[in-house]
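Me: Could you take a close look at a single part of this model for me and walk me through what is there? I am in my first year, so plain words would help.

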Amino acid sequence: MASKMKKEKVAIIGSGLIGRSWAMLFAGVGYQVTIYDIIPEIVEKALKETKLELESVEKQGTIRGTLSAAEQFACIRGTDNLKDAVTDAIYVQECVPERLDIKKKLYGELDGLVGPNTILASSTSTFMPSLFSEDMKHRAQVLVAHPVNPPYYVPLVEIVPAPWTKPEHTTKARELMTEIGQKPVTLSRQIEGFALNRIQYAILNETWRLVADGILSVKDIDVVMSEGLGMRYAFLGPLETAHLNAEGMLNYCDRYCNTIYAVSETMGPTPRMEGKVAEQVAKEMEEMLNEHLQIIGTNVILVPYESKHVEKYHQWMKSEELQELTASEPLTLEEEYQMQASWRNDEDKCTFLILDRQRYEDTKDEIGALVGDTNIFIQSHPEAEDEQPQTDRLAGEIEIMIAEPTARGKRYGWEATLLMLLFGVERLQLQHYLAITKDTNAKAMRMFERMQFRETKRTAIFQEVSFERPVQDDWISWMKDQAGSYTIVPYPG
Ligand SMILES: NC(=O)c1ccc[n+]([C@@H]2O[C@H](COP(=O)([O-])OP(=O)(O)OC[C@H]3O[C@@H](n4cnc5c(N)ncnc54)[C@H](O)[C@@H]3O)[C@@H](O)[C@H]2O)c1
């Protein structure tokens with residue numbers, strides 16, 4: 001075991017998210033890692049959590065490096081003293097918050113503590129190294145080693161020298177990164193945004209322009225990446241892609257350079273990601289997300305409505321009682337599939353199906369565990385009297401159906417409605433709710449009254465009763481209390 005460990009010391013300054021990842025990566029190949037944080041309790045917490053994390057990745061088979069979890073953890077120690085942390089270290093990886101004043105102050109302190117050979121590498125995502133090293137005696141030892149979150153799983157590290165960084169330190173940092181299993185790239189000189197963010201921002205800017213100009217919806221712009229460009233770029237860089245897209249790079253340039261130039265000339269000025277467009281994108285993102293999320297409550301699980309659920313849904317809707325209660329016409333199976341697809345594409349509709357959690361966990365049969373559905377139709381609500389009558393507020397019309405007769409009387413509808421109302425408030429930013437029920441549906445009317453909705457309208461001709469409820473803090477607290485604990489997690493499908 002001793003032979004796998006190294007004698008050289010590496011210091012991690014700042015034991016937050018990034019610092020912990022770096023500590024694991026350096027310990028993975030046996031460096032003696034000392035972690036430091038300005039808050040001593042954070043060092044203790046980081047040590048405890050790193051031990052658990054190492055054990056967990058070892059169990060999952062995703063542990064990095066050449067040593068066991070126990071051997072790696074034996075390489076890591078903590079300290080609450082900066083001098084102790086950096087004395088005799090060959091390499092310091094700084095991971096303090098992204099604030100120039102904090103970085104400048106820390107590098108001032110490090111300048112008085114390190115010898116002439118210690119490399120001082122910053123994890124900064126945005127600051128060029130000259131910004132915090134200019135006045136240092138040891139400035140030739142400072143560079144940026146910018147990781148990508150989470151560094152334990154994403155190997156790229158951008159090595160960025162300041163104008164005064166000694167090339168031998170840049171080379172040594174690159175070698176170290178390779179040794180710990182990361183994939184370093186070295187910029188020849190510092191530049192704003194380094195490489196990754198410059199490319200990321202170019203993509204974001206064009207994405208933004210296409211959405212702001214109404215060319216593509218938020219949903220479709222992501223499809224361009226996830227189902228197209230991103231698939232290529234997961235394996236090849238843009239230049240290699242170009243090389244393979246024609247008979248070599250020169251042929252590609254020959255064929256496409258005029259087109260690429262002409263299209264690029266139409267791209268327009270750099271957009272500002274703010275204002276009305278930002279609000280609209282945020283709203284559409286939130287709405288899209290429910291396609292990939294499930295809500296796990298105490299007795300029910302809410303899952304997105306997918307085509308695999310349609311047959312069961314179709315069976316339910318053959319019931320005349322349900323047709324009457326939901327005011328819906330019988331559909332053919334084909335029409336039901338079309339309806340499911342149109343709901344899914346409708347950005348103003350959010351649908352979850354309800355599973356009996358116990359049954360699902362016992363059988364792992366999702367279709368067998370389905371008991372009903374709940375929907376929110378999003379709309380703007382201008383005329384609410386309670387507050388800000390002049391401004392449109394985002395409102396949701398909530399619906400709930402417990403279709404399985406055996407699931408009734410178990411308060412599944414109560415819990416599912418609360419979870420859906422809370423989802424609408426937290427994820428869709430709804431500020432007002434409506435509920436419309438048949439006047440014969442005494443159960444639903446009682447439920448909305450007990451949920452503190454107020455009856456606002458009766459329409460005799462349709463035999464309907466409308467209820468409303470503004471979203472207020474005390475009501476949210478009450479709903480959370482009633483709903484019990486729940487988690488919103490990705491839906492594996
Ligand atoms: N989080 C990311 O996605 C990400 C990705 C790449 C790079 N980075 C960069 O990594 C650095 C750290 O980010 P993070 O997400 O780990 O932040 P974090 O907030 O999780 O952790 C920062 C830690 O630094 C400690 N700290 C504050 N001042 C200190 C000081 N003077 N000396 C020692 N410790 C101090 C804090 O107590 C905290 O524990 C930032 O520069 C950030 O830009 C972050």
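Reply: Happy to! Let's start with a label from a record: in an unreviewed UniProt entry, residues 193-282 carry the annotation "domain: 3-hydroxyacyl-CoA dehydrogenase C-terminal". Keep in mind that the model is a predicted one. In this model, the stretch 193-282 is 73% helix and 0% strand, and the C-alpha atoms at its two ends lie 24 Å apart.

Now for the close look, which is at a pair of helices further along. Helix 17 spans residues 412-427 and helix 19 spans residues 473-483. Their axes come within 9 Å and cross at roughly 140°. Angles over 145 degrees would count as roughly antiparallel, and 65 to 115 as roughly perpendicular; helix 17 and helix 19 are therefore oblique to each other. Their crossing is left-handed.

Which residues make the contact? From helix 17 come Glu 415, Leu 418, Leu 419, Leu 421, Leu 422 and Val 425. Helix 19 answers with Ile 476, Met 479, Lys 480, Gln 482 and Ala 483. Sorted by character, the residues of this contact are eight nonpolar, one polar and two charged.

To round off the tour, here is the surrounding of the ligand. A shell of 23 residues encloses the ligand, with Gly 14, Gly 16, Ile 18, Ser 123 and Asn 149 as the closest. Helix 1 (17-28), helix 5 (100-111) and strand 6 (142-147) each give two or more residues to this shell, and helix 1 has the largest share, with three. By character, the shell holds 12 nonpolar, nine polar and two charged residues.

Technical notes. Residues numbered from 1 in each chain as written. Predicted model: local features only at pLDDT ≥ 70, side-chain atom pairs only at ≥ 80, totals over all residues. Axes fitted to C-alpha atoms, helices over the stretch in contact; angles between N-to-C directions. Helix = DSSP H or I, 4+ residues; strand = E, 2+ residues; numbered from the N terminus. Parallel < 35°, antiparallel > 145°, perpendicular 65-115°, else oblique. Left-handed = near helix turned anticlockwise from the far one by under 90°. Contact = placed C-beta atoms within 7 Å. Nonpolar A, V, L, I, M, F, W, Y, C, P; charged D, E, K, R; others polar. UniProt positions renumbered as here; feature names shortened; annotations may be inferred. Near = placed C-beta within 6 Å.
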